[in-house]
Amino acid sequence: MTMKRAAVLALALAAGSAHADGANLRAALSVLPDTVFSAASPDVARYLDLSALAARHGGVLGPEALTRATLGGGIRPIEAMALATPQDFAAKAGIDSAALSFVAGLGRLPAAVSIWGFADDDAAAAAYSGLSAQGFSRLGLLPGMLANGEPNVTDIGARDPANPWRGQLGQASVVARSGPTLLQAGDRAALAPVKGASAPALETPAGQTLLAALEAQQGAVLQAAFLGPYHGLGGIDPAILVGKTPDEAREALERAAAKANGGLPPWQGAALADLEATDGPALILALAYADCPTAQAAAARAAALWQTMDPPPAGAAKAGHVETPSGCAAVLRAAGTDEPKGPFAQAVFALMSGNLPPLRIGQ
């Protein structure tokens, strides 16, 4: 099955006109909450397409493939895979790594959530049912929620970094199922923002626009970060967004942006993607807007801001846009390598450091 994945990806990239397959992206965005694109949230949702990563490395999701997984930190299955052979991972997880189509992560410890993505609902249901063999049982009287011990209890004796179901100090996991995915966290409260979301990220204008923009790219999206305007505030005080509804926050952000200099028009949401294209790796930054004139202006400004990165990027970035039924995406594309100093890795480091210039909001 994994060799088949490799052949499919190779043929797609060789064709030159193959666009990114959005099936896994769509499934991930259908589970991630709409708050991913909130102006008031500092969270960064991370997504990795394990099918595509394995296919790029001869169908094997081993250490070499995982070196590309820049966004894997904090996602328990990825952290465990990096420390175990595929056979050991399967034994400890009760799930073969080849059965996973994608993974995603949201939040930070102790409220971090790991999302295990399967090919379909039936595969996820089978994996969920099989967790009883890994020591899971129903959590109290709650239906549809399993745990392999007492949540939030340190158990050094159970500590095993290669076991994805145990935390850094041997803590248990709480697991629920949602469509084609399993949701994993340290306790049920951490799952609430995902299971109790008013809508999935996919149903927001930003989610629809960004998905279409990534699907329009030629090649395979290996990993992506999804984030809200909070990460573009720069010199704008986040306090202006506290206690406001999404509409009020957007209006406050627009007023503040009008007074700021040297940035972009306020955007609805952003995706930072690692694309494996026919001509090699490329960074894709997509920003969601309501209309194309604004998106085009934003793309040109983002390309200029990319050149102000520290350290300076190896080459210039190309600006473009993708029109969609839900809006228009400003798109920045920087070709490079998958090395630690490549454009995608450089952009992720800048994002996590709180200073990625092409995101900066301000007129």
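**Reading burial and salt bridges**

User: How should I read the accessibility of Ser 97, as buried or exposed?

Analyst: The general idea is that a residue counts as buried when its relative accessible area is under 20%. In this predicted model, Ser 97 has a relative accessibility of 9%, and therefore counts as buried.

User: Where in the fold is Ser 97 found, and which residues is it in contact with, leaving aside neighbours within four places in sequence?

Analyst: Ser 97 sits in the loop between α6 (86–93) and β2 (100–106), and, once those sequence neighbours are set aside, it is in contact with Leu 61, Met 81 and Phe 89.

User: Turning to another serine, is Ser 41 buried or exposed, and what does its side chain lie 3.2 Å from?

Analyst: The same reading applies here: Ser 41 counts as buried because its relative accessibility is 12%, and it belongs to the loop between α2 (23–29) and β1 (44–49). A polar atom of the Ser 41 side chain lies 3.2 Å from the backbone nitrogen of Asp 43, while the residues that Ser 41 touches, not counting those up to four places away in sequence, are Thr 35, Tyr 230 and His 231.

User: How many salt bridges are there, and which residue does Glu 215 meet in one?

Analyst: Side chains of opposite charge can pair when their charged atoms come close. The count here comes to 7 salt bridges. In one of them, the side chains of Glu 215 and Arg 26 meet with an N to O distance of 3.7 Å, and this pair links distant parts of the chain, with Glu 215 in helix α9 (residues 205–215) and Arg 26 in helix α2, 189 residues apart. Glu 215 is partly exposed at 24% relative accessible area, and Arg 26 is also partly exposed, at 37%.

User: Which residue forms a salt bridge with Glu 276, and which one with Asp 274?

Analyst: Glu 276 pairs with Arg 56, their closest N and O atoms being 3.1 Å apart; since Glu 276 lies in strand β9 (residues 270–277) and Arg 56 in helix α3 (residues 50–56), the pair ties together parts that are 220 residues apart in sequence. Asp 274 forms a salt bridge with Arg 68, with closest N and O atoms 2.8 Å apart, and this links strand β9, which holds Asp 274, to the loop between α4 (63–66) and α5 (76–81), which holds Arg 68, 206 residues apart.

User: Which residues do salt bridges with shared partners join into one network?

Analyst: Asp 274 is buried at 3% relative accessible area, and Arg 68 counts as buried at 5%. Salt bridges that share partners join Arg 56, Arg 68, Asp 274 and Glu 276 into one network.

How values were computed:
Residues numbered from 1 in each chain as written. Predicted model: local features only at pLDDT ≥ 70, side-chain atom pairs only at ≥ 80, totals over all residues. Heavy atoms only, no water. Helix = DSSP H or I, 4+ residues; strand = E, 2+ residues; numbered from the N terminus. Buried < 20%, exposed > 50% of the residue type's maximum accessible area, 1.4 Å probe, protein only. Polar contact = N/O pair within 3.5 Å; in protein donor to acceptor, adjacent residues only side chain to side chain. Contact = heavy atoms within 4.5 Å. Salt bridge = Lys/Arg side-chain N within 4 Å of Asp/Glu carboxyl O.
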